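Biologist: I'm new to this one. Can you walk me through it?

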Amino acid sequence: MQRPYGHRLIIINSKNNKTKNEIYLKNEGVLITDQKEVANTFNNYFINVAQNLVENMASTTSTFQDYLKNSNKDSIFLKEISSDEILKLIKNLDTKKSEDIYGISPKLVKLAGPYISETLLHIFNKSFETGVFPDQLKKTKVFPIHKADSKMVTSNYRPISILPILSKILEKLMYARLINFFEKHDTIYKHQFGFQSKKSTEHAILDIYSKIIQSLEDKTNPCCIFLDFAKAFDTVNHSILIDKLKHYGIRGICSKWLISYLEKRPQCVQIGQEKSSFLNILCGVPQGSILGPLLFLIYINDIYESSKIVDFHLFADDTSLFYSNKDLTVLEKELNLSLIEICNWLKANKLTLNVKKSNLLLFTLSNKSTSKTVNITIDSQKLEEKSSTKYLGVYFDKKVNWEAHISVVHKKICRGTGIIYKLRHYLPEQMLKNIYNAFIQPHIDYGLLAWGGASNSQLKKYQ
């Protein structure tokens, strides 16, 4: 007789039955076990880490205004919000999301939508009219999520922010108006693929891959530099951001609203049932927000003005630089000069690079010699040259044969088939298909238009 599915699944997941919410930290050799104190330690770290980066940044003679070209003479007009807009946004709320800092769930807002929409309409329109973002919608609750290495070190955690649900509705109303204005005036850099409709990571991958292939066909030396920004979203300078928004046409009451939106945003950290005290965020765009990613795109929108010879390919802060030349000596010289200019842009905009996590690939055809190398530096630090590197979820390799990517995906597929193999006697066929679609097919589909052109000997591993 076949065992009940639920019983079997409980056995499989038995390791997760006992969970602990408590986090212990070590601060200057002292063990912190009190969860209230742990929460306050995290909040102090998350608030100050970005500010410390900015304060320790090297100076430059350049200013952010040096790179701003062709100011938009038109200014945005904030269209009045309609009741239908609000009801549609409420209807589309994801009820699977958790409660916000006030204990309000998306499900509750969805149920109450028809009864509160007119009140929200009045409040939100008044917000747009006065240029004031409500203070109560700025409060943020943060959960620290462990990334890797020691669990007792604050820097090994990333903050996951939970914003008020009503704040996200108001942000979506502003986002719709901003993005329409930017699209109308073709504001956002054409090779920026992040956080925009009809653009994705796969578009960014294909964009840079086509450049590499074209360069190889032209018998030049294609080189890609992959830059890693340090706390990019968290170090955005509010004053610079507002000036850039004005440059692109976000002026008047809309500019006032965005200033109100960014300033004096209180944040607390929660661990289990304990919460830290509130501290105001000093810089950066709000994590987990609707407007944050769009504001960041505007903040780095002019980075391409820092170099006239390098092609910039962007997905939010994931930045790759492309340059090719038949002469490796010239390539090395031009890239080093360009990186000096790019670093000046970064310093002028109060952004920093993590050079140790940045790297480069010098591409060559697989049947050619691989002894070519270049010496590229950023702020006197040598950039590591790799044989392969991960960019937007795919592994580019210097031989352009996708061996590294196929090897990594092959291992993931093996794990997925292993799960199906163990469950085949306990689950019906449709459920096994669902597991296949969740654990195997996405790895095959992602980036396929790029790596699908690999040789038959490489692709045979998938068969």
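Modeller: Sure, starting with a charged pair. The side chains of E429 and K433 form a salt bridge, at 3.4 Å from N to O. Keep in mind that this is a predicted model.

Biologist: Where do E429 and K433 sit relative to each other?

Modeller: Both are in helix α12, residues 429-439. They are four residues apart there, so about one helical turn separates E429 from K433.

Biologist: Is E429 buried or exposed?

Modeller: E429 is exposed, because its relative accessible area is 56%. K433 has 42% relative accessibility, so K433 counts as partly exposed.

Biologist: How many salt bridges does a search of the whole structure find?

Modeller: The search finds nine. One of them joins the side chains of R177 and E85, with 2.9 Å from N to O.

Biologist: Which helices do R177 and E85 lie in?

Modeller: R177 is in helix α5, and E85 is in helix α3, residues 83-91. The pair therefore ties together parts that are 92 residues apart in sequence.

Biologist: And R177, buried or exposed?

Modeller: R177 counts as buried, because its relative accessibility is 8%. Its partner E85 is partly exposed, with a relative accessible area of 22%.

Biologist: Got another pair?

Modeller: Yes. K398 forms a salt bridge with E385, and their closest N and O atoms are 3.9 Å apart. K398 lies in the loop between β18 (394-397) and α11 (403-423). E385 belongs to strand β16, residues 384-385. That pair ties together parts that are 13 residues apart in sequence.

Biologist: How accessible are K398 and E385?

Modeller: K398 has 12% relative accessibility, so K398 counts as buried. E385 has 23%, so E385 counts as partly exposed.

Biologist: Switching to empty space. What volume does the largest pocket have?

Modeller: The largest pocket has a volume of about 700 Å³. It is lined by 17 residues, and those closest to its centre are K147, R158, F229, K231 and D234.

Biologist: Which elements give two or more residues to that lining?

Modeller: They are β4 and β6, the latter being residues 229-230. The largest share is three residues, and that comes from β4.

Biologist: What classes of residue make up the lining of the largest pocket?

Modeller: Seven are nonpolar, three are polar and seven are charged.

Biologist: What about the second largest pocket? What is its volume?

Modeller: The second largest pocket has a volume of about 330 Å³. Its lining has 17 residues, and D186, T187, Y248, N301 and Y304 lie nearest the centre. By class, the lining of the second largest pocket has six nonpolar, six polar and five charged residues.

Biologist: How many cavities of 30 Å³ or more are there?

Modeller: The count comes to one. The largest cavity has a volume of about 280 Å³. It is lined by 22 residues, and the closest to its centre are F46, D234, Q267, I281 and Q287.

Biologist: Which elements give two or more residues to the cavity lining?

Modeller: They are α2 (35-55), β3, β4 and β7 (265-271). Of these, α2 gives the most to the lining of the largest cavity, with four residues.

Biologist: How do the residues of that cavity lining divide by class?

Modeller: They divide into 13 nonpolar, six polar and three charged.

Biologist: So where does D234 turn up?

Modeller: In both spots. D234 is among the residues closest to the centre of the largest pocket, and D234 is also among those closest to the centre of the largest cavity.

Biologist: Now the outside. Which residues make the nonpolar surface patch of about 300 Å²?

Modeller: Y24, L31, M152 and V153 make that patch. M152 lies in the loop between β3 (140-146) and β4 (157-162). M152 counts as partly exposed because its relative accessibility is 31%.

Biologist: One last loop. Where is Q192 found?

Modeller: Q192 is in the loop between α5 (165-184) and α6 (201-217). At 2% relative accessibility, Q192 counts as buried.

Biologist: How far apart are Q192 and A316 in space?

Modeller: Their C-alpha atoms are 7.0 Å apart. In sequence, Q192 and A316 are 124 residues apart.

Definitions and conventions: Residues numbered from 1 in each chain as written. Predicted model: local features only at pLDDT ≥ 70, side-chain atom pairs only at ≥ 80, totals over all residues. Heavy atoms only, no water. Patch = residues over 30% accessible without salt bridge, like charges linked within 9 Å, V, L, I, M, F, W, Y side chains within 5 Å. Areas by Shrake-Rupley, 256 points an atom, 1.4 Å probe, with all protein chains shown as cover. Salt bridge = Lys/Arg side-chain N within 4 Å of Asp/Glu carboxyl O. Buried < 20%, exposed > 50% of the residue type's maximum accessible area, 1.4 Å probe, protein only. 1 Å grid on protein atoms, 1.4 Å probe; cavity = no way out; pocket = protein on both sides within 12 Å on 5 of 7 lines; lining within 4 Å. Points joined across faces, edges and corners; volume = space filled by probe spheres on them. Nonpolar A, V, L, I, M, F, W, Y, C, P; charged D, E, K, R; others polar.
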